[in-house]
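Student: I am new to this structure and would like a close look at a single part of it. Please take me through the pockets and the helix packing beside them.

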Amino acid sequence: MSAVQISPSILSADFSRLADEVNAVPSADWIHVDVMDNHFVPNLTLGLPVVESLVKASPRPLDCHLMIADPDRWAPGYAEAGAGSVTFHVEAAHAPIRLARTIRSAGARAGMALKPATPVEPYEDLLPELDMILIMTVEPGFGGQKFLDVVLPKIRRARTMIERHGGSVWLQIDGGVAADTIERCAEAGADVFVAGSAVYGAEDPDRAIQALRAQAEAAGTRVA
Ligand code: DX5
Ligand code: ZN
C-alpha cells in the first residue's frame with residue numbers, strides 16, 4: 001500500500017477567501033476541489049474558471065472531484081488547466097476508458113469515482129487505465145454528512161483488487177472522514193483521505209490534517 005495522503009476539501013472552506021484557505025493547510029498532500037453541476041448531484045459549487053485561478057494560488061496540486069453530468073465533455077479541460085488529478089464519476093461517464101486516457105494524456109492523474117451503491121467489481125479490468133479509485137462514503141453532493149459504514153466491505157474488496165494488479169492505483173475515500181471514522185477506512189485499505197468539515201471546520205485546519213494522518217498511519221500499520 002502507498003503512503004497515507006490527506007486531501008482537504010475546500011467545500012467546507014470560506015469561498016470568499018479560497019487562496020488564503022488553500023495556503024492555510026501546508027500539511028496537505030492535495031487540495032480537493034468538489035465540482036458540482038446541479039445535475040449529477042443536487043448542489044452547485046464551482047467550475048473551470050475558479051479551478052484555473054486556484055491552480056495558480058495553491059501551493060499543493062489540485063485533486064478535482066467532478067460530480068457532473070457528461071464528464072467526457074468537461075473533465076479534460078480540468079486536466080488541461082493544470083489540475084494534478086481529475087476524477088470523474090463512472091455513473092456519469094459514457095466512455096470511461098477513453099476519458100481516463102484523455103485525462104492522462106493531458107498530463108493529470110486519472111481517477112474514477114463510485115457512489116456508495118455502485119459496485120467496484122465490474123471495473124477491475126479498467127485498473128490499468130486508472131491512477132486512483134475514489135469510493136464515496138456518503139452520497140455525493142454535500143459536506144458534513146454521516147459516514148456510511150455499509151461501504152467498508154467495498155473498500156476492502158477494492159484494496160484486494162488493486163493488490164492483484166500490482167498495488168499502484170491509489171484508493172481514495174470521501175465523505176464523513178473524521179477522527180472517529182478514519183481508522184476504519186485505513187484498516188479497510190484506503191490510502192488517500194478526503195476530509196472537508198473535519199479539516200476546515202476545525203479551529204486549526206493544519207493540525208487537524210496532521211492528527212488525521214497520524215491516525216491513518218497508525219491504523220494502516222496495525223493491518224500490515
Ligand atoms: C461530497 C464531497 C466531499 C465533501 C466531504 O459530495 O465530495 O468531498 O467535501 O465533506 P465531509 O468531509 O464534510 O464529509
Ligand atoms: Zn469530493
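Tutor: What follows describes two pockets and then one pair of helices. The model is a predicted one.

Take helix 3, residues 71-80, as the part to keep in view. Helix 3 belongs to the lining of the second largest pocket, where it gives three residues, the largest share. Strand 2 is the other element that gives two or more residues to this lining. In total 13 residues line the second largest pocket, and the space in it comes to about 190 Å³. Nearest its centre lie Val 35, Asp 37, Ile 68, Trp 74 and Tyr 78. Sorted by class, the lining of this pocket holds nine nonpolar, three polar and one charged residues.

Helix 3 also packs against helix 4, which covers residues 96-105. The two axes lie 8 Å apart and make an angle of about 15 degrees. Angles under 35 degrees count as roughly parallel, so helix 3 is roughly parallel to helix 4. The crossing of helix 3 with helix 4 is right-handed. On the helix 3 side, the residues in contact are Pro 71, Asp 72, Ala 75, Pro 76 and Ala 79. On the helix 4 side, they are Leu 99, Thr 102 and Ile 103. By class, the residues of this contact are six nonpolar, one polar and one charged.

Now compare the largest pocket, which holds about 250 Å³ of space. Its lining is made of 26 residues, and those closest to its centre are Gly 143, Gly 144, Asp 174, Gly 175 and Gly 176. Strand 2, residues 31-36, supplies at least two residues of this lining. Strand 3 (62-67), strand 8 (192-195) and helix 7 (197-200) each do so as well. Strand 2 therefore has a place in both linings, since it supplies at least two residues to the largest pocket and two or more to the second largest. The classes in the lining of the largest pocket are 12 nonpolar, 11 polar and three charged residues.

Note on methods. Residues are numbered from 1 along each chain as its sequence is written. Chains are lettered from A and ligands numbered from 1 in the order in which they are written. This is a predicted model: local features need pLDDT of at least 70, side-chain atom pairs count only at pLDDT 80 or more; totals for chains, interfaces and linings use all residues. Side-chain values use heavy atoms; hydrogens and water are left out. On a 1 Å grid over the protein atoms alone, a cavity is a set of points where a 1.4 Å probe fits but cannot get out, and a pocket is an open set with protein on both sides within 12 Å along at least five of seven lines; lining residues have an atom within 4 Å of a point. Grid points are joined across faces, edges and corners, and a volume is the space filled by probe spheres set on the points. Helices (H or I, at least four residues) and strands (E, at least two) are DSSP runs, numbered from the N terminus. Ala, Val, Leu, Ile, Met, Phe, Trp, Tyr, Cys and Pro count as nonpolar, Asp, Glu, Lys and Arg as charged, and the others, Gly among them, as polar. Axes are lines fitted to C-alpha atoms, for helices over the stretch in contact, and angles run from 0 to 180 degrees between N-to-C directions. Angles under 35 degrees count as roughly parallel, over 145 as roughly antiparallel, 65 to 115 as roughly perpendicular and the rest as oblique. A crossing is left-handed if the near helix is turned anticlockwise from the far one by less than a right angle, and right-handed if clockwise. Contact means heavy atoms within 4.5 Å.
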